[in-house]
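Dear colleague,

Please find below the structure that I am handing over to you. I would be grateful if you would look at it first and then read the notes that come after it.

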Amino acid sequence: MGITRLTLDLGILGEQECTVKYDYQPYERADQYYPGCPEGVDIYSILWNNVDIIDDIPRDTLSDLNIQLLEQINYNEVD
């Protein structure tokens, strides 16, 4: 489980800082006994003022957030 703070554009509310909660699955290499697993992020909550607004976030925005989180995770691993 991961938690991060991101600034999101909430339409008429403008850019607001939100708390994003997610599960991270690292890449797992396949072998003869295990099919492996791709790297991925599953966002399960986006909190703004302690209200979960994930159902109000457009699907394309969630896809962009997934990519942004993967980039952030991979960048932090290099440090």
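The notes below go from the whole chain to its core and then to one residue.

Please bear in mind that this is a predicted model.

**The chain as a whole**

The protein chain contains one helix and four strands. Followed along the sequence, these elements come in the order β-β-β-β-α. The radius of gyration is 15 Å, whereas the globule rule gives 12 Å for 79 residues, so the chain is more spread out than a compact globule. Along its principal axes, the C-alpha trace spans about 50 × 30 × 20 Å.

Of the 79 residues in the protein chain, 28% are buried. The chain exposes about 5900 Å², and carbon and sulfur atoms supply 49% of that area. If one takes the contacts between residues at least 6 apart in sequence, 35% of them join residues at least 24 apart.

**The nonpolar core**

The largest nonpolar core is made up of 17 residues. Within this core, the residues with the most contacts are Leu8, Val41, Ile43, Ile46, Leu62, Leu65 and Leu69. Two or more residues come from each of β1 (2-9), β2 (15-25), β3 (40-48) and α1. The helix α1 gives the most, with five residues.

Leu62 is a good residue to select in the viewer. Setting aside its neighbours within four places in sequence, Leu62 is in contact with Ile43, Ile46, Ile54 and Ile57. Two of these partners, Ile43 and Ile46, are also listed among the core residues with the most contacts.

**Gln72**

Gln72 belongs to helix α1, which covers residues 59-78. Is Gln72 buried, partly exposed or exposed? Its relative accessibility is 29%, and because buried means under 20% and exposed means over 50%, Gln72 counts as partly exposed.

Which residues does Gln72 touch, apart from its neighbours within four places in sequence? They are Thr4 and Leu6. Thr4 lies 68 residues away from Gln72 along the chain, yet the C-alpha atoms of the two are separated by 9.9 Å. Their side chains meet in a polar contact of 3.3 Å. Thr4 falls within the range of strand β1 (2-9), so that this contact links the strand to helix α1.

I hope that these notes help you to find your way around the model.

With kind regards

Technical notes
Residues are numbered from 1 along each chain as its sequence is written. This is a predicted model: local features need pLDDT of at least 70, side-chain atom pairs count only at pLDDT 80 or more; totals for chains, interfaces and linings use all residues. Side-chain values use heavy atoms; hydrogens and water are left out. Buried means under 20% relative accessible area, exposed over 50%, partly exposed in between (1.4 Å probe, protein chains only). Contact means heavy atoms within 4.5 Å. A polar contact is a pair of N or O atoms within 3.5 Å; within protein, one must be able to donate a hydrogen and the other to accept it, and residues adjacent in sequence count only if both atoms are side-chain atoms. A nonpolar core is a set of buried Ala, Val, Leu, Ile, Met, Phe, Trp, Tyr and Cys residues joined through side-chain atoms within 4.5 Å. The radius of gyration is taken over C-alpha atoms; the globule rule is 2.2 Å times the number of residues to the power 0.38. Accessible areas come from the Shrake-Rupley method with a 1.4 Å probe; for residues, only the protein chains shown count as cover.
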